[in-house]
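Grab a pencil and have a look at the model below. Try each exercise on your own before you read its solution.

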Amino acid sequence: MLLVACSSSLEKAAEPAPDGAVMDEVAQQVVGAAVPGFMARIDDGGGVERTALGVADRETDRTIQAADQFQIGSIAKAFMATLCLQLVDEGKVDLDASLAEYLPGVVPNGKKITVRMLLNHTSGLFDYIDDDKFWASWERIRSGSGPRTSCLRWRSRMGPISSPGRAGANRTPATS
């Protein structure tokens with residue numbers, strides 16, 4: 001599956017948003033290059049265009065739908081980092097500011113953790129991915145049979161794994 005990201009800006013792009021025919025042509029080219037499925041959603045602030053082609057599940061051969069939802073896994077970190085760096089570029093976020101400046105009282109040890117540390121994986125925050133109890137809870141949340149628990153709250157209960165700023169302190173920033 002190919003995932004396409006666009007700017008987070010709410011301003012309209014200088015170029016008009018692709019119409020359905022252009023998006024369908026792109027989908028055909030991608031699937032024609034041996035990718036099992038393609039879906040895209042473009043929201044230019046004035047309208048939404050969607051397209052999908054191919055299969056969502058190769059085991060069942062279920063056709064992908066434009067309204068399907070899926071987990072993007074660890075690539076979410078790259079998207080969140082990109083959005084954060086766009087905010088840095090716009091002067092709305094300071095890489096060397098503490099997390100407590102943006103999320104007062106929310107992140108454990110947030111006064112000592114900078115945005116930069118979060119993005120370069122040196123925050124020292126507990127990595128919930130390594131915790132089997134978290135995944136059991138996550139499966140209950142996904143199935144709708146359990147209460148929603150944020151990853152941040154889960155990390156807060158576990159405490160830090162190291163001092164902020166230490167290289168290799170964690171591999172997953174709190175943005176995931």
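Here are five exercises on this predicted model, each with a worked solution.

**Exercise 1. Find out how many helices and strands the protein has, and write down their order along the chain.**

Step 1: Count the elements. You should get six helices and three strands.

Step 2: Walk along the sequence and note each element as you meet it. The pattern reads α-β-β-β-α-α-α-α-α.

**Exercise 2. Work out the order of the strands in the sheet, and explain why strand 1 and strand 3 count as edge strands.**

Step 1: Look at how the strands line up. The sheet is open, its order is 1-2-3, and the pairing is antiparallel.

Step 2: Now check the partners. Strand 1 (37-43) and strand 3 (62-63) each have a single partner strand, so one side of each has no neighbour in the sheet. That puts both of them at the edges.

Step 3: Take the pairs one by one. Strand 1 and strand 2 (residues 48-57) are held in register by seven antiparallel bridges. Strand 2 and strand 3 pair over two bridges, again in the antiparallel sense.

**Exercise 3. Trace the two hairpins: which residues face each other, and which turn residues have a positive phi?**

Step 1: Start with strand 1 and strand 2. Opposite Ile42 you'll find Glu49 of strand 2, and opposite Met39 you'll find Ala52 of strand 2.

Step 2: Go round the turn. Four residues sit between these two strands, and Gly45 in the turn has a positive phi of about 90°.

Step 3: Do it again for strand 2 and strand 3. Asp57 has Arg62 in strand 3 as its bridge partner. This hairpin also has four residues between the strands, and here Asp61 takes a positive phi near 65°.

**Exercise 4. List the residues of the largest nonpolar core and say which helix supplies the largest share.**

Step 1: Recall a general idea: in soluble globular proteins, nonpolar side chains tend to be buried together.

Step 2: Collect the residues. The largest nonpolar core has 12 of them: Ala81, Cys84, Val93, Leu95, Leu99, Val107, Ile113, Val115, Met117, Leu118, Leu119 and Leu125.

Step 3: Match them to helices. Helix 2 (75-89) and helix 4 (115-119) each bring in at least two core residues. The largest share is from helix 4, with four residues.

Step 4: Look around for a second group. Another core lies apart from this one and has six residues, including Met23, Val30, Phe38 and Ala40.

Step 5: Zoom in on Leu119. If you skip its neighbours within four places in sequence, Leu119 is in contact with Ala81, Cys84, Leu85 and Leu95.

**Exercise 5. Compare two loop residues: is Ser98 buried or partly exposed, and is Leu103 buried or partly exposed?**

Step 1: Place them. Ser98 is in the loop between helix 2 and helix 3, while Leu103 is in the loop between helix 3 (99-102) and helix 4.

Step 2: Apply the cut-off: buried means under 20% relative accessible area. Ser98 has 18%, so Ser98 counts as buried. Leu103 comes out at 39%, so Leu103 is partly exposed.

Step 3: Check their surroundings. Leaving out residues up to four places away in sequence, Ser98 touches Gly110, Lys111, Ile113 and Thr114. Leu103 joins Tyr102 and Val106 in a nonpolar surface patch, and together they have about 230 Å² of accessible area.

Step 4: Zoom out to the whole protein. Of its 176 residues, 28% are buried.

Definitions and conventions:
Residues numbered from 1 in each chain as written. Predicted model: local features only at pLDDT ≥ 70, side-chain atom pairs only at ≥ 80, totals over all residues. Heavy atoms only, no water. Core = buried A, V, L, I, M, F, W, Y, C linked by side-chain atoms within 4.5 Å. Buried < 20%, exposed > 50% of the residue type's maximum accessible area, 1.4 Å probe, protein only. Contact = heavy atoms within 4.5 Å. Patch = residues over 30% accessible without salt bridge, like charges linked within 9 Å, V, L, I, M, F, W, Y side chains within 5 Å. Areas by Shrake-Rupley, 256 points an atom, 1.4 Å probe, with all protein chains shown as cover. Salt bridge = Lys/Arg side-chain N within 4 Å of Asp/Glu carboxyl O. Pairing = 2+ DSSP bridges.
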